[in-house]
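Subject: The structure I promised you

Hello,

Here is the structure for you to open alongside this note. Please have a look first, and then read on for what turned up in it.

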Amino acid sequence: MSLVSIESPKHCAKQGLNVNKLSKKLFFASSAFFTTLLSLILIIWLILRPAKPEFSLKEADIYQLSLSAPNLLNSSIQLTLLSKNPNQKVGVYYDELQVYAAYRGQQITVDSPLPPFYQGHQDSNLLTASLVGTGLPVAPSFNYEVGRDQTAGKLVLNLRVNGRIRWKVGTWVSGRYRINVNCLAVMALGPTLPTGPLSSKQGTACSTTV
């Protein structure tokens, strides 16, 4: 003879209620864990408050800046930047850095890549780049603007660095953040062009946005 177990609807409802309670407990426990973890990361981040890297222009030399055709520019510029990490407990990874020169809103060299590197706590690094442009199209007013600067006695260039950085705290490494650096190079420019390069050696601070 086979035995058949028949459970009442009330008993089934009680089992379903227990399962629902267990699911809710697991959900609230998981939510509490992730909330605590995120809060801990946020507190650590706020305590450390990483300051953005600091850049300054040490030297810039223009070896060539001439038109090969009415609106085609040839350029050659050498620059040296000082990069500093001001943080005491946060390191910085520099990724995908590109450097170029601009004159009155026009890019006058092609992008030149810098090798990626890591910068420890309060470390400083000298960065050098050779910027060139061959047959770059420029506005028809380019020669006129250079002539105006020659009359004024100075030439102003923007030296820009664009790329991505990552913060490092202990063993934790953040995602990538964009970094944009803009340095002004002011060079004396008289009525006659010098035989050597135009040079800027002020050591001026650059603006940095992250």
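In what follows, a residue is called buried when its relative accessible area is under 20%, exposed when that area is over 50%, and partly exposed in between. Please keep in mind that this is a predicted model.

By that cut-off, C183 is a good place to begin: its relative accessibility is 0%, so C183 counts as buried. C183 is bonded to C206 in a disulfide, with an S to S distance of 2.0 Å. The structure holds one disulfide, and the pair links distant parts of the chain, 23 residues apart. C183 lies in strand β10, while C206 sits in the loop between β11 (198–200) and β12. The partner is buried too, because C206 has a relative accessibility of 12%. As for handedness, the torsion about the S-S bond of C183 and C206 is about 105°, so this disulfide is right-handed.

C183 also leads into the strand pairing. Across from C183 of β10 stands L159. The strands β8 and β10 run antiparallel and are joined by twelve bridges. β10 has a further antiparallel partner in β12 (residues 207–209), with three bridges between the two. One residue to look at there is N180, whose bridge partner in β12 is T209.

Now to the interior. In soluble globular proteins, nonpolar side chains tend to be buried together. Here the largest nonpolar core has 39 residues. Those with the most contacts inside this core are L57, L79, I108, L131, L157 and L159. At least two core residues come from each of β1 (54–69), β2 (72–84), β3 (91–103), β7 (124–137), α2 (142–152), β8 (154–169) and β10 (177–188). Which element gives the largest share of the core? That is β8, with seven residues.

I108 is worth selecting on its own. Setting aside its neighbours within four places in sequence, I108 is in contact with L65, L73, S75, I77, A101, A102, Y103, G133, L136, F142 and L157. One of these contacts, L157, is also listed among the core residues with the most contacts.

Another residue to click on is S112, which belongs to strand β5 (residues 112–114). Is S112 buried or exposed? With a relative accessibility of 15%, S112 counts as buried. Not counting residues up to four places away in sequence, S112 touches L97, Q98, V99, S130 and L131. Of these, L131 is another of the core residues with the most contacts.

There is also an open sheet of four strands to trace. Its order is β7-β2-β1-β11, and the pairing is antiparallel. β7 and β11 are the edge strands, each with a single partner strand, so one side of each is left without a neighbour in the sheet. From one strand to the next, the twist averages 10°. Within this sheet, 13 bridges join the antiparallel strands β1 and β2. If you want a register mark for that pair, S56 stands opposite L82 in β2.

On the edge strand β7 you will find P137. With a relative accessible area of 64%, P137 is exposed. Beyond its neighbours within four places in sequence, P137 is in contact with N71 and L72. The C-alpha atoms of P137 and N74 are 9.4 Å apart, although 63 residues separate the two along the chain.

Finally, two backbone details for your Ramachandran plot. R104 is not a glycine, yet its phi is positive, at about 50°. R104 is placed in the loop between β3 and β4 (106–107), and its relative accessible area of 47% makes R104 partly exposed. Q122, also a residue other than glycine, has a positive phi near 55°. Q122 falls in the loop between β6 (117–119) and β7, and with a relative accessible area of 44%, Q122 is partly exposed.

Enjoy looking around, and do write back with any questions.

Best wishes

Conventions. Residues numbered from 1 in each chain as written. Predicted model: local features only at pLDDT ≥ 70, side-chain atom pairs only at ≥ 80, totals over all residues. Heavy atoms only, no water. Core = buried A, V, L, I, M, F, W, Y, C linked by side-chain atoms within 4.5 Å. Buried < 20%, exposed > 50% of the residue type's maximum accessible area, 1.4 Å probe, protein only. Contact = heavy atoms within 4.5 Å. Pairing = 2+ DSSP bridges. Disulfide = S-S within 2.5 Å. Axes fitted to C-alpha atoms, helices over the stretch in contact; angles between N-to-C directions.
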